[in-house]
Amino acid sequence: MKTAALAICALVIALFTTSCSKDNDIPDAEKNAIQALNNITGNYKGNLATKYGTTIIVWPDVNWNVDKNSTITVNNFPYQLLADGVSKKTASSLYTTLANEKQRPLKLYITTVQPQDNKVFFNLSSNIKFDITTANETYELTGAVSFNNKQFSSSYTMNNSEMQLQFTIYKLVKINKAHATAIIQEDFDTPVSFNLTGYKR
């Protein structure tokens, strides 16, 4: 019995030591990044400001969620605001298509985090994509995202649970999967910037 008890104790100590060793193998920077992502996770509500040229429009009461997989899902994103990136307006079929587009989710992805004092700065993925269905066809639009030359343009503030997401759509590409084509939409000639600011609920 004593031998069995000693063997069990030795196994428990060995497992504990292995667990601690694995935990110690994780660099502090990685631990901080994981903790930062855990802090960001949750449901938010705020306002979406969009800017094209010198015009600014504020879209109130926008809800979004950040999950443990670093995915930001903006519920009921107003895709019709992208129509403001088409200067030809009614002379362009792209303008008409975007202006009639319904609100639905937009997914963004956190790619890098940088904890700093009371804030967590983070990067977003460099493109967005969404499906378009017209009377004649269904295709995908991919938008190229820029951050105004700022590496970390989005942030989360710890003490008041405020999040700010900033990005600019400066190019749209039409992807037709059935025909394996990708065509830059030349009519989309004015960058549209978005600033989403809100608080965790």
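Is Asp84 buried or exposed? Asp84 is buried, with a relative accessible area of 13%, where buried means under 20% relative accessible area, exposed means over 50% and partly exposed lies in between (1.4 Å probe, protein chains only).

This is a predicted model, in which local features need pLDDT of at least 70 and side-chain atom pairs count only at pLDDT 80 or more, while totals for chains, interfaces and linings use all residues. Residues are numbered from 1 along each chain as its sequence is written, and side-chain values use heavy atoms, with hydrogens and water left out.

**Salt bridges**

The structure holds 5 salt bridges, each being a side-chain nitrogen of Lys or Arg within 4 Å of a carboxyl oxygen of Asp or Glu. The table gives some of them, including the one made by Asp84.

| Basic residue | Acidic residue | N to O distance |
|---|---|---|
| Lys89 | Asp84 | 3.9 Å |
| Lys88 | Asp187 | 3.4 Å |
| Arg104 | Glu101 | 2.3 Å |

Lys89, the partner of Asp84, counts as partly exposed at 29% relative accessibility. In the pair of Lys88 and Asp187, Lys88 is partly exposed with a relative accessible area of 49%, and Asp187 is partly exposed with 22%. Lys88 lies in the loop between strand 3 and helix 3 and Asp187 in the loop between strand 10 and strand 11 (192–200), so this salt bridge ties together parts that are 99 residues apart in sequence. Here helices (H or I, at least four residues) and strands (E, at least two) are DSSP runs, numbered from the N terminus. Glu101 is buried at 11% relative accessibility, whereas its partner Arg104 is partly exposed at 24%.

**Aromatic rings**

Arg104 also lies over the face of Tyr79, at 5.1 Å from the ring centre; a charge sits over a ring if NZ of Lys or CZ of Arg is within 6 Å of the ring centre and within 35 degrees of the ring normal. Tyr79 belongs to one aromatic cluster with Phe77, Phe130, Phe167 and Phe194. Rings of Phe, Tyr and Trp (its six-membered ring) pair if their centres lie within 6.5 Å, and planes under 30 degrees apart count as stacked, over 60 as edge-to-face and the rest as tilted. The count comes to 6 aromatic pairs. The rings of Tyr79 and Phe130 have their centres 4.4 Å apart and their planes at 40°, so this pair is tilted. Both Tyr79 and Phe130 are buried.
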